[in-house]
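Hi,

Here is the structure I promised to pass on. Have a look at it first, then read on for what I found.

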Amino acid sequence: HLPTGVLFDLLATPEDLPWALTVHLSGYPEKQLLPYVGEGGVKSHFRQTLKQGACLRHGTSKRVNHLSVSQMEQMWTAIVSNDFARFSEVGVEILKPVQA
């Protein structure tokens with residue numbers, strides 16, 4: 001369960017862009033991949049992944065845990081609508097350097 005960007009970094013070269021992906025609609029490998037259970041499941045997985053990333057970067061997931069419901073909703077809506085500016089408004093809060 002690696003993010004697409006990590007897989008690309010591990011397996012591809014810049015010459016491979018755009019990266020061609022094949023989506024199979026039958027024979028789903030249920031033992032290897034999480035099943036799609038709707039947008040709520042993807043949203044939940046996004047939040048968990050965001051917390052993991054914050055923990056790796058800062059040693060804690062508090063920055064994500066302390067986001068308001070409206071901030072998390074703004075991030076999700078920005079992802080769905082491919083709106084980097086709206087995503088960054090909240091994302092910058094997670095990425096701020098730790099004050100020494």
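**Notes on the helices, the core and a few residues**

Let me start with Q52, which sits in helix α2. Keep in mind as you read that this is a predicted model. Is Q52 buried, exposed or partly exposed? Its relative accessibility is 49%, so Q52 counts as partly exposed, given that exposed means over 50%. If you want a distance to try out in your viewer, go from Q52 to V64: they are 12 residues apart along the chain, and their C-alpha atoms are separated by 9.4 Å.

Now for the chain as a whole. The protein chain contains 5 helices and 0 strands, so to speak a plain α-α-α-α-α when you read along the sequence. Its C-alpha trace spans about 45 × 35 × 25 Å along the principal axes. The radius of gyration is 16 Å, whereas a compact globule of 100 residues would come out near 13 Å.

What about the surface? The accessible surface of the protein chain is about 8000 Å², and carbon and sulfur atoms own 60% of that. Of the 100 residues, 18% are buried. On the charge side, you'll find 9 positive and 9 negative side chains, with 13 Å between the centres of the two sets. As for contacts with a separation of 6 or more, 45% of them link residues 24 or more positions apart.

Next, the core. Which residues make up the largest nonpolar core? There are 10 in all: F46, L50, A54, V64, L67, M72, M75, W76, V90 and I94. Helices α2, α4 (69-80) and α5 (84-95) each give at least two residues to this core. I94 is a good one to click on. Leaving out residues up to four places away in sequence, I94 touches L50, A54, H58, R63, V64, L67 and M75.

From there, go to the stretch around α3. S61 lies in the loop between α2 (39-58) and α3 (62-65). Why does S61 count as buried? Because its relative accessibility is 18%, and the cut-off for buried is under 20%. Not counting residues up to four places away in sequence, S61 touches K51, A54 and C55.

N65 belongs to helix α3. With a relative accessibility of 39%, N65 counts as partly exposed. Setting aside its neighbours within four places in sequence, N65 is in contact with R47 and K51. K51 therefore turns up in the contact lists of both S61 and N65, under the contact limit of heavy atoms within 4.5 Å. For a longer stretch of chain, try N65 and G5: they are 60 residues apart along the chain, with their C-alpha atoms separated by 24 Å.

Finally, the last part of the chain that I looked at. N82 is in the loop between α4 and α5, and its phi is near 55°, a positive value in a residue other than glycine. Is N82 buried or exposed? N82 is exposed, with a relative accessible area of 72%. A85 is in helix α5, and at 51% relative accessibility A85 counts as exposed too, since the cut-off is over 50%. From A85 to M75 the C-alpha to C-alpha distance is 10.0 Å, for a gap of 10 residues in sequence. M75, you may recall, is one of the core residues, and it is also on the list of residues that I94 touches.

Cheers

Technical notes
Residues are numbered from 1 along each chain as its sequence is written. This is a predicted model: local features need pLDDT of at least 70, side-chain atom pairs count only at pLDDT 80 or more; totals for chains, interfaces and linings use all residues. Side-chain values use heavy atoms; hydrogens and water are left out. Helices (H or I, at least four residues) and strands (E, at least two) are DSSP runs, numbered from the N terminus. The radius of gyration is taken over C-alpha atoms; the globule rule is 2.2 Å times the number of residues to the power 0.38. Buried means under 20% relative accessible area, exposed over 50%, partly exposed in between (1.4 Å probe, protein chains only). Accessible areas come from the Shrake-Rupley method with a 1.4 Å probe; for residues, only the protein chains shown count as cover. Lys and Arg count as positive and Asp and Glu as negative; His and the chain ends are not counted. The place of a charge is taken as NZ of Lys, CZ of Arg, CG of Asp or CD of Glu. A nonpolar core is a set of buried Ala, Val, Leu, Ile, Met, Phe, Trp, Tyr and Cys residues joined through side-chain atoms within 4.5 Å.
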